[in-house]
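Open the model in your viewer and keep the selection panel at hand. The tour goes from one chain to the pair, then to the DNA.

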Protein chains: 2
Amino acid sequence: MSRTDAQAKGEDTDGAGTRRGQILAIAAQLFARKGYRGTSMRDIGEAAGVLGGSLYHHIKSKDALFVELHHAALDGAEARIAAAVAAQDDPWAQLEAACGALLEVQLDPDSLTMPMMNDFREVPDAVRVALVERRDRFEQLFRAIVAALPLPAKIDRSLYRNLLLSQLNSVADWYRPGRLTPRDIAAQIAHLYRHD
Amino acid sequence: MSRTDAQAKGEDTDGAGTRRGQILAIAAQLFARKGYRGTSMRDIGEAAGVLGGSLYHHIKSKDALFVELHHAALDGAEARIAAAVAAQDDPWAQLEAACGALLEVQLDPDSLTMPMMNDFREVPDAVRVALVERRDRFEQLFRAIVAALPLPAKIDRSLYRNLLLSQLNSVADWYRPGRLTPRDIAAQIAHLYRHD
DNA sequence: CCTACCGATCGGTAGG
DNA sequence: CCTACCGATCGGTAGG
């Protein structure tokens, strides 16, 4: 039975229980830490206790593996953010909730759900197209949140949204767990971006 | 005569006039566009009209080439930002001037002076150490500017500075020349970060 | 600056 | 899941 068949029946195709699920989790961790080009199939195999070539029983190609992980990561982040936003009424509170949820996902050192959003440049062209498309859909979530903010008329909402998203994505470049929590940082960002 | 000898005499060691200067400029452009790992010595050679191996008459290694370009880029950016800041008196005006100068350097598509600040993860360990050390020194400039701002006491200046720097660095990830100028974006960022 | 090459590593495959 | 391998590409070098 193919994976697609199993998915159609709603079975557990690659939770942590399956061998494939274990391999996906291991690969996500390595990609997140070392990037696309910095992670070889042999690296993933070694972490999984097999040779690199053996992985091709579970995946079609390195590219397909990376895209699958990226899509799953954004699915997870999207769900968490949508839930956090839905729990708030005030538009500014929604903004802070969205920032907090995104940063919690992105800054969790054990997170397998957020490989590298920002490696677009080190990926093959065909992969980049798939990543950008999925990311653009993800960003619709923030488009809606920003649209609901009572911003002064003179503020360019497109620029505002781009700055906010790149601000959130770039935190992972310098954040180190310890002094500040993801929520602390989200609160500060939401404070900076509060302009009324 | 070695390069070091020439430098000691203050000669033009690698301006655009020298062959070495041409090669550095070409390499900087490629690194900026495709990243460290995405740019091979053969790529650089091809763009310079020679074979990859021939480049080793002018440089010691790919690593040393990359570090040299990175240091030169930060030297140039530092000088421009310091000059822009010195032309202002008001601390908030200094902040905006610094943002504008940095973004002009970083968003100029023909800029050879700003390879990739953000590829730290795709670089060998020894290179990363050199890059981080130089970058930390670069960031002292912003430490001084932020220290001079009359921020409310409750604002964490360390977090504020980290957010500002990563905000500025991440603009290059989405900026496309056209609608907005680097100064437009700098003005918006300075506006967001104005909290008194 | 080129020819000709080195050892290492890469993604991926055939056959068992 | 392993053995054994493919062709491609990498940074770098010797010798001219």
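Domain bounds here come from an automatic or database domain assignment. For chain A, that assignment gives domain 1 (1-59) and domain 2 (61-196). Keep in mind that this is a predicted model.

**Stop 1: chain A on its own**

Hide the rest and show chain A as a cartoon. Count the elements: chain A has eight helices and zero strands. Read from the N terminus, the order is α-α-α-α-α-α-α-α. Switch to the C-alpha trace, which spans about 55 × 35 × 30 Å along its principal axes. Chain A holds 196 residues, and 31% of them are buried. For a view of contact range, take the contacts in chain A between residues at least 6 apart in sequence: 62% of these join residues at least 24 apart.

**Stop 2: where the domains meet**

Color domain 1 and domain 2 of chain A separately. Their C-alpha centres lie 25 Å apart. At the boundary, twelve residues of domain 1 are in contact with 13 residues of domain 2. Which helix gives the most to the domain 1 side? Select residues 19-34 of chain A: this is helix H2, which gives seven residues. By class, the domain 1 side has nine nonpolar, two polar and one charged residues.

**Stop 3: chain A against chain B**

Bring chain B back. How many residues does each chain put into the contact? Chain A gives 22 residues and chain B gives 22 residues. On the chain A side, select helix H7 (157-170) and helix H8 (182-192), the elements that give two or more residues. H7 of chain A gives the most, with seven residues. The chain A side divides by class into nine nonpolar, nine polar and four charged residues.

**Stop 4: the axis**

Superpose chain A on chain B. The operation is a rotation of 180 degrees with 0.0 Å of shift along its axis, and the RMSD is 0.0 Å. The two copies are therefore related as by a two-fold rotation axis. The same surface serves both copies, as 100% of the contact residues of chain A recur in chain B. To find the axis from chain A, center on A:Gln167. Its C-alpha is at 2.5 Å, and no residue of chain A comes closer to the axis.

**Stop 5: the core**

Select A:Ala98, A:Leu102, B:Ala98 and B:Leu102. These have the most contacts inside the largest nonpolar core, a set of 82 residues. Now zoom in on B:Ala98. Leaving out residues up to four places away in sequence, B:Ala98 touches B:Ile81, B:Ala84, B:Val85, B:Phe142 and B:Ile145.

**Stop 6: DNA strand C**

Show DNA strand C, which is surrounded by 15 residues. Label the closest ones: A:Ser40, A:Gly53, A:Ser61, A:Lys62 and B:Val50. The elements giving two or more residues to this surface are helix H3 (41-48) and helix H4 (62-86) of chain A. Colored by class, the surface shows four nonpolar, seven polar and four charged residues.

**Stop 7: DNA strand D**

Finish on DNA strand D. Which residues are closest here? They are A:Val50, B:Ser40, B:Gly53, B:Ser61 and B:Lys62, out of 15 that surround the strand. Select helix H3 (41-48) and helix H4 (62-86) of chain B, the elements that give two or more residues to the surface near strand D. Four nonpolar, seven polar and four charged residues make up that surface.

Key
Residues numbered from 1 in each chain as written. Chains lettered and ligands numbered in written order. Predicted model: local features only at pLDDT ≥ 70, side-chain atom pairs only at ≥ 80, totals over all residues. Near = placed C-beta within 6 Å. Helix = DSSP H or I, 4+ residues; strand = E, 2+ residues; numbered from the N terminus. Nonpolar A, V, L, I, M, F, W, Y, C, P; charged D, E, K, R; others polar. Core = buried A, V, L, I, M, F, W, Y, C linked by C-beta atoms within 7 Å. Buried ≥ 20, exposed ≤ 12 C-beta atoms within 10 Å, placed from the backbone. Contact = placed C-beta atoms within 7 Å. Least-squares fit on C-alpha atoms with pLDDT ≥ 70 in both.
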